[in-house]
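User: Could you take a close look at the aromatic rings in this model and walk me through how they pair up?

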2 protein chains.
Amino acid sequence: MLQLLSQRADVWGEIRLVASKRSAGKKLRVRGEDVLVHALSEKVFDGVDVAMFDVPDDVAREWAPIAVSRGAVVVDNSGAFRMDPDVPLVVPEVNAGTVRNRPLGIVSNPNCTTLTMMDALGALHARWSLESVVVASYQAASGAGQVGVDRLYDELEVVAGDRTLGTVAGDVRRAVEDKLGETGSPFAAPLALNVVPWAGSAQDGGWTSEELKVRNESRKILGLPDLKVSATCVRVPVVTTHSLVVHATFAEQVSVEEARTTLVQAPTVVVIDDPGSGDFPTPVDVVGADPTFVGRIRQALDFPNTLELFVCGDNLRKGAALNAAQIAELLAEELTTT
Amino acid sequence: MLQLLSQRADVWGEIRLVASKRSAGKKLRVRGEDVLVHALSEKVFDGVDVAMFDVPDDVAREWAPIAVSRGAVVVDNSGAFRMDPDVPLVVPEVNAGTVRNRPLGIVSNPNCTTLTMMDALGALHARWSLESVVVASYQAASGAGQVGVDRLYDELEVVAGDRTLGTVAGDVRRAVEDKLGETGSPFAAPLALNVVPWAGSAQDGGWTSEELKVRNESRKILGLPDLKVSATCVRVPVVTTHSLVVHATFAEQVSVEEARTTLVQAPTVVVIDDPGSGDFPTPVDVVGADPTFVGRIRQALDFPNTLELFVCGDNLRKGAALNAAQIAELLAEELTTT
């Protein structure tokens, strides 16, 4: 986030950094300057126009209303307020207008997996009216934070060089647990040489919180409360950049050529789709970039009005900090022009 | 295959090994004995009851009819004959009876990705009538043969230990190409720290041969020529065991509990599905085993009569050699009882 705020158009006067007492007093680099980190307190929000929260749900639930009471508009990256009907859930390319309707003074930033496909689906929906989405995810380790990234690198170091691993049930699990211990992973199974069909917490009906977020947040962002959505979330041994296989059905007939043109014209979508020549997006080729990358665009052979897409997006940029920065900039523009 | 033939019930008299001239004269271990490899010739099939072919499509196309003309029934693991209406495509748990209707004397073994889900879908279809399937695959490197496995291990050795990789577009690609060269991979992009949405060859409409095999072979095996199928095939950095996210719609209402019971009762399906306790199948936990493993069984919230499943199966066993051995055993039984 600090890197993004340092790189994007500078619309901010002061940037005030706030963290727990443990980090207070440190200095962090923003816009080429070392900036002091303040301890979280009620007063620290005095004079703040836009407060960007990147904290756990419970901290956001407690402190966002306090920041609002001190005069700030809060952009919250947690899940605490996303489904609150009085809190807009904003993807600037899709529903920028909703940011002005914020009775609680809070604007929510969507979940990274949902965000991975929103720019592309939003552009297609505007033209052909989305009716249903079936999604399978290929989610990167960094979706679980730095601890997830560290764990993947740790596990890769354990398994690399042993060309017997991954061939007998349990061999990778034993190797990883022998070297790294049986606890300490944010993932529910070894991630090296594996895929793990679990992200988030357990919910009713066997669903994960992550899967239900994809459904509920997609509906809210697109303004389609009855949109049919089914998602299965799977973690893969990729550092950063989520990928999604999307089976999207529209109200009207859509051709691959028209869809490609619409996606190419969407300002934040990049189409890489000449698969016969090896051109399609993959995580390691697009990580660190801002756009949503789309490839493998096909018309479903047996399902009317349906496209198949492979979508990649950096879960730390558009999937988190970038979208939050874009929301904050919408607010800054509003506050300086009204 | 030789390992499987050595482990399973021994229904064979002689096992004769045949290969190209290059390998002729070698000895390979089968059923605890060293067995001479013969060079491929017309005469080598004389006296053979069942000839199991594991060769490229063009070799199968040329030599399977020759083996048949010499009196053998051919079990072919290639794609050469799978969609031929005069060749049964057999998964013994699903359509064993079709093996007897083989006007060309050839029986085909399905593609590994299709086979990964057939036992599970076959059991569910028998009770609730399958109408459509949307599939996203997580396919292992060994689907591309030993060269795929070697490449994955090579790439893992290159990337392990460098904790900056996977964070900037192209860094993994450059690291891999610097060490391993720009050619020589059977995959269309780096596989380490990545997922690659491409398997097979380019077909009309942006589809891959692998994706169309899943559609066409599923229809043929289940005897449902109008089954709606859409598949997206993605390679992942797993050594062996394909995983599939399956969104399956049936003609009749199906509950998770009934589906679970049906799958548990299917002899070759194992259900691992207590995700709150971390119980779901993953490739490294089931590799090397014969069954189809199913977890994450959920009722789709917005799609009637629809289940979501996560399915894992060893692509070298049930996905290839095991199913071929099972077909051969059906033939051996028929030939010894008629």
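Analyst: Happy to; here is a walk through the ring pairs and the charges that sit over rings. Please keep in mind that this is a predicted model.

Across all chains, the structure holds seven aromatic pairs. One of them joins A:Phe45 and A:Phe53: the planes make an angle of 10° and the centres are 5.8 Å apart, so this pair counts as stacked. Both of these phenylalanines, A:Phe45 and A:Phe53, are buried.

Another stacked pair is formed by A:Phe280 and B:Trp198, with 15° between the planes and 6.1 Å from centre to centre. This pair crosses between chains. On the chain A side, A:Phe280 belongs to the loop between β10 (269-271) and α9 (283-286); on the chain B side, B:Trp198 belongs to the loop between α6 (171-180) and α7 (209-222). What about burial? A:Phe280 has a relative accessible area of 5%, so this residue is buried. B:Trp198 has a relative accessibility of 12% and is therefore buried as well, the cut-off being under 20%.

Rings from both chains also come together in a cluster, where ring pairs link A:Tyr138, A:Phe310, B:Tyr138 and B:Phe310.

Finally, there are charges over rings to add to the picture. A:Arg298 lies over the face of B:Trp207, 4.6 Å from the ring centre. In the other direction, B:Arg298 has its charged end over the ring of A:Trp207, at 4.7 Å from the centre of that ring.

Note on methods: Residues numbered from 1 in each chain as written. Chains lettered and ligands numbered in written order. Predicted model: local features only at pLDDT ≥ 70, side-chain atom pairs only at ≥ 80, totals over all residues. Heavy atoms only, no water. Phe/Tyr/Trp six-rings, centres within 6.5 Å; stacked < 30°, edge-to-face > 60°. Buried < 20%, exposed > 50% of the residue type's maximum accessible area, 1.4 Å probe, protein only. Helix = DSSP H or I, 4+ residues; strand = E, 2+ residues; numbered from the N terminus. Lys NZ or Arg CZ within 6 Å of the ring centre and 35° of its normal.
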